[in-house]
Each structure stands twice: as structure tokens, then as C-alpha cells.
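Me: I'd like to go through this one by question and answer, side chains first. Can you pull it up and take my questions in turn?

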Amino acid sequence: MAASDRPPPRTGPRDPGDAWVEGPDGTRMWGRFGSAGLVAFDPDRGILLQHRAVWSHFGGTWGIPGGARHQGEAAVDAALREAHEEAGVPVDALTPLFSSVRDLGFWSYTTVAARTVRPFEPSMNDAESLDLAWVPPADVEHLPLHPHFAEDWPRLRALLEHPAVLIVDAANVVGSRPDGWWRDRAGAAGRLLSNLAAAADDGFAADMFEVNAGSIWPRTAVVLEGAAKAAAAAGRYTLDGGRSARAGPDTSHGRNRDPLWIVHAAGSGDDEIVNQAGSFLAEDPDAPITVVTSDRGLRGRVTGLGARVVGAGSLLDRLPPGR
């Protein structure tokens, strides 16, 4: 066996997760607690792919940097750590988009997709790569891919090309529960924004958007009207939808992610929500757009455009307890 066909000698401490697990049919998979990998997407350069070392599983194919999850480690953190260790990917250069889980029952692999918020050059930091390259999405399928990545790639590409959008009717959501919001509309809206920001750190379940994924980190626009507009005065949100003058990623709750986009309705909040939905759909007619409202009239207007609707209670049930 040539030296390049053998894994390098292991150095340093081994995490309990660095071990093989065996399924009922004898299939062996790496990662006692499952594994995770990163699809890093740069809109200008494409997907960061790894040419896998010959000695690795399906060696010689192209795939994404990844590896075994550590004990107690979240899948997103594992994907970012492995990409940093194998390809020099800086964690602060990314904001998450979605995750997707391949679950075999006895073992799972989580693919985490993230968009670059600043350019970087990858580097081969260990012996697990023959090469690293940015590949345009249209060219990925023409490479000899790791078979599991090849199987998932068409679905992953569609999710990358059509990112999810969440539009929140703040007045309707705040007013759906009698908690005294009428005494301080700005304060109630501020609590909603804070809880939305906290929930966004871990992502939303993909069933909110009816897409085939695990979690989604959507582009989120919150429409405020009347006295509630003062809720954005704290300054950690992007005003006016954020699409014409985007802010950098929000790190106030830890992991990078897009900031909440606050839209101040000039008149009717319903009219502004319809305008927002129409604007996003004009940019991308295939984008999965979810509007949060329990208003029947508004529901009919946005579903007529092609967006889907979930009620205010559905969102509130997914948020952390009020602060």
C-alpha cells in the first residue's frame, strides 16, 4: 500500500465521538454521535468542495469538509469546526442557511449550508484533502462526487438557489395573546423582536416553509406599524427591509446570522406585508415564503401571490418564553 493510501498517524487526544458505529446489517459509519459537514456557498465563486484523500471513505471523490461530531456537540457547530480544521474555513465568515439530515437510525449525517459574508481562501490543514476548490453550482454535478453527496446535491442546490423568507405581521402576532400589549405597544413589539432573534440562532423547523430540510435560517422581515415602530430603536436590527443596504451578520446572540429586517409600514401594515411578499417573489418566484398572520383578509391576499401562511400561534409556540 502506497503511503498516500494510508491514513496519517493520529496525534493529540481522541474525542469519544471519533469511532466507528455499526448498523444492524453490518454497515459501518464514522462518528459515534453522528457526523456533520459544511456546504460553504460564496455567491461569487460557488461551492467549496474537497477532493477527498485516497485513504478516506470513498477516497478520490469530491465532497464537502466534515467529520465526526464530538460528544455533546451541536451538528452546526460540528460542521463549522470540521470545515475549519480541514479547510481553514473561518467561522466568522459564514452565516447559516439551512441544515439537512440523512438519518440511518443508528447513525446520522447533518449537512449544514452557509453563505459567506466575507471572502476567504481555504487551506488544506490536514491530510484529508487532495485539493480544495470553489466550484460553480452548475459544474458540481460534473465532478466524480462522493455518492451520498451526489444523491443530495440536486435538493441542496435548490435550497441554496431559493433561500427561504419569513415575513412577520408583528401587530397581529403581538395582539394574538392578551398579555397587556395594549399598554405598551412598542415594548410588546420589542419583546417579539428579541424572542425572534433568540429563536433564529438555532433556526426554524423547515416545516414552516414546506421544504425538505431539517432547520432553516430564513431571511426575516418584521413589519411594524404605528406606535410599535419605536421597538426598532435599540439599533440591532436592519431597517427598511435590508435588501437595498444590507447590514453585516448579527453576532449579538452568538453564531453569525443575518439580522432581522425591520420594515416600517408607511400606512396600513397589511398593505406593507403584501408589498413585501410581492417584492420577494418578484426577486425569486420559487422562493419559499411564509407569512405569519392570523388575519383572514391578509391571508387571502398573500396566498394569492404565492406565499404560504401560518398563524400567529404557530410562530409563538416556536419562540422561547417571553422575556
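Me: Is Arg 81 buried or exposed?
Reply: This is a predicted model, so the value is computed from predicted coordinates. The relative accessible area of Arg 81 comes out at 16%, and the cut-off for buried is under 20%. So Arg 81 is buried.

Me: Which residue does Arg 81 form a salt bridge with?
Reply: The closest N and O atoms of the pair are 3.1 Å apart, and a salt bridge needs them within 4 Å. The partner counts as buried too, at 7% relative accessibility. That partner is Glu 82.

Me: How many residues apart in sequence are the parts that Asp 152 and Arg 102 tie together?
Reply: Asp 152 and Arg 102 form a salt bridge, with 3.1 Å between the closest N and O atoms. Asp 152 belongs to helix α3 (residues 147–161) and Arg 102 to strand β7 (residues 94–103), so the parts they tie together are apart in sequence by 50 residues.

Me: And what about Asp 207, which residue is its salt-bridge partner?
Reply: The closest N and O atoms here are 3.0 Å apart. Asp 207 sits in the loop between β11 (204–205) and β12 (215–216) and its partner in the segment after α8 (312–316), so the pair ties together parts 111 residues apart in sequence. Asp 207 is partly exposed at 49%, and the partner is partly exposed at 30%. The partner is Arg 318.

Me: Which residues do salt bridges that share partners join into one network?
Reply: A search of the whole structure turns up 16 salt bridges. Those that share partners give one network, made of Glu 73, Arg 81, Glu 82 and Glu 85.

Me: Which helix gives the largest share of the largest nonpolar core?
Reply: In soluble globular proteins, nonpolar side chains tend to be buried together. The largest nonpolar core here has 54 residues, and Phe 149, Val 168 and Leu 315 are among those with the most contacts inside it. Its largest share is 8 residues, and they come from helix α5 (residues 185–202).

Me: Does the length of α3 agree or disagree with the expected span?
Reply: At 1.5 Å a residue, its 15 residues should span 21 Å. The end C-alpha atoms are 22 Å apart, so the length of α3 agrees.

Me: Where does α3 bend?
Reply: The bend is about 50 degrees, and a proline, Pro 154, follows within four residues. Buried residues of α3 include Phe 149, Asp 152 and Leu 156, and what covers the buried ones includes β3 (35–42), β4 (46–52) and β7. The bend is at Trp 153.

Me: Why is the pair of Trp 20 and Trp 30 edge-to-face?
Reply: A search of the whole structure finds 6 aromatic pairs. In this one the ring centres are 5.3 Å apart. Planes over 60 degrees apart count as edge-to-face, so what decides it for Trp 20 and Trp 30 is the angle between their planes, 70 degrees.

Me: What is the angle between the planes of Trp 181 and Trp 182?
Reply: Trp 181 is buried at 19%, whereas Trp 182 is partly exposed at 46%. They form an edge-to-face aromatic pair, 5.6 Å centre to centre, with the planes at 80 degrees.

Me: Is Gly 72 buried or exposed?
Reply: Gly 72 is found in the loop between β6 (66–68) and α1 (75–87). Its relative accessible area is 82%, and the cut-off for exposed is over 50%. So Gly 72 is exposed.

Methods: Residues numbered from 1 in each chain as written. Heavy atoms only, no water. Salt bridge = Lys/Arg side-chain N within 4 Å of Asp/Glu carboxyl O. Buried < 20%, exposed > 50% of the residue type's maximum accessible area, 1.4 Å probe, protein only. Helix = DSSP H or I, 4+ residues; strand = E, 2+ residues; numbered from the N terminus. Core = buried A, V, L, I, M, F, W, Y, C linked by side-chain atoms within 4.5 Å. Expected span 1.5 Å × (residues − 1). Bend = angle between axes of the 7 residues up to and from the residue. Contact = heavy atoms within 4.5 Å. Phe/Tyr/Trp six-rings, centres within 6.5 Å; stacked < 30°, edge-to-face > 60°.
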